[in-house]
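Subject: Structure handover and notes

Dear colleague,

I am passing the structure below on to you, together with my notes on what was found in it. Please read the notes with the structure open beside them.

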Amino acid sequence: MSQTPELVVKDLRVAVEGKEILKGLNLEVKKGEFHALMGPNGSGKSTFANALMGHPRYQVTSGEILFKGRSILELEADERSRAGLFMAFQYPVAIPGVTVANFLRSALNARLAPPDANGTGAMPQKKGIPPKEFRAMLREKMALLRMDESFATRYLNDGFSGGEKKRAEILQMAILKPEIAIMDETDSGLDIDALRIVSDGVNALAGPELGVLVITHYQRILNYIKPHFVHVMVDGRISVSGGPELALELETRGYDWVRDVREAEAL
Ligand code: ADP
Ligand code: MG
């Protein structure tokens, strides 16, 4: 077991279009740990997720993001993904004509490709995982996640419900085997069905080799997920961290209580 957390975020400040959204965020996630990041709408949760994945619109103005001991600030999103950082996107795009299975096979081959294959960012010449081996792997993961096999033959995100999009993301996570995975909530807000799918998936994939950060503003998450750690973000910073009891406290007292703590600290 490694002692250094795979993901270390230090005093991170992020601006979007010149406006500072993250104002000094600190967080550490290790393999084998399950964290929940909570907070009211607009507190900067998705900004954080986008900054972690290197979205070009989110400008890191100071602070550091270390993954496996190395700064990833200069890495592109695909390089971060290949390094073993996975992010389920909040607004997954539909790709008509590309099946879930084809998409996942391409994604896996990209993940397995050596980082400096040819320097152009294009796929290397080698064929990647053989189709037969991939199909066996896909079947195994779908069984583990109790998904119907027909799901793999559908076009990616084409007419998918919120829940089906989440299923596709969980399946992608199962196939890519990241060391740290970040799951941002669906845009539909209180999508309990989606949260349950994420929770079941994370529970099925949980183990010493996977660290997970689930991001949600839903206060009653403990009915659905069982995180080891809970963090509450208010106005671009983590205001309080604790165990599952913190989520219970939010359920009864709401987010205003955390805001009050933050304001008292500022005095
Ligand atoms: P949360 O996910 O916690 O609801 P967000 O990170 O989506 O919060 O938003 C935090 C703040 O950053 C909001 O005030 C939002 O308007 C602003 N913001 C986030 N992304 C963008 C963007 N791409 N362009 C402009 N403003 C943004
Ligand atoms: Mg959000």
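Helix α7 (residues 244-253) lies across three strands, namely β3 (34-38), β11 (229-234) and β12, and it runs at about 45° to β11. Please bear in mind throughout that this is a predicted model.

The strands that α7 lies across belong to an open sheet of six strands, whose order is β6-β9-β10-β3-β11-β12 and whose pairing is mixed. The edges of this sheet are formed by β6 (85-88) and β12 (237-242), each of which pairs on one side only, and from one strand to the next the twist averages 20°. Within the sheet, strand β9 (residues 180-184) and strand β10 (residues 211-215) pair in the parallel sense over five bridges, and A181 stands opposite V212 in β10.

There is also an open sheet of four strands, in the order β2-β1-β4-β5, and here the pairing is antiparallel. Its edge strands are β2 (19-29) and β5 (70-71), each pairing on one side only. Strand β1 (residues 7-16) and strand β4 (residues 58-67) run antiparallel and are joined by eight bridges, with K10 standing opposite E64 in β4.

Turning to helix packing, the axes of helix α3 (residues 100-112) and helix α5 (residues 162-176) come within 10 Å and cross at roughly 40°, and the crossing is right-handed. On the α3 side the contact is made by V100, L104, A107, L108 and R111, while α5 contributes A168, L171, Q172, I175 and L176. Sorted by class, the residues of this contact are eight nonpolar, one polar and one charged.

Last comes the ligand site, which may be of most use for your own work. Which residues are found around ligand 1? They are V16, E17, I21, G39, N41, G42, S43, G44, K45, S46, T47 and R57. By class, this shell around ligand 1 comprises two nonpolar, seven polar and three charged residues. Helix α1 (residues 45-53) supplies the largest share of the shell, with three residues.

With best regards

Technical notes. Residues are numbered from 1 along each chain as its sequence is written. Chains are lettered from A and ligands numbered from 1 in the order in which they are written. This is a predicted model: local features need pLDDT of at least 70, side-chain atom pairs count only at pLDDT 80 or more; totals for chains, interfaces and linings use all residues. A residue is near a molecule or strand if its C-beta atom, placed from the backbone, lies within 6 Å of it. Helices (H or I, at least four residues) and strands (E, at least two) are DSSP runs, numbered from the N terminus. Ala, Val, Leu, Ile, Met, Phe, Trp, Tyr, Cys and Pro count as nonpolar, Asp, Glu, Lys and Arg as charged, and the others, Gly among them, as polar. Two strands pair if DSSP finds at least two bridges between them. Axes are lines fitted to C-alpha atoms, for helices over the stretch in contact, and angles run from 0 to 180 degrees between N-to-C directions. Two residues are in contact if their C-beta atoms, placed from the backbone, lie within 7 Å. A crossing is left-handed if the near helix is turned anticlockwise from the far one by less than a right angle, and right-handed if clockwise.
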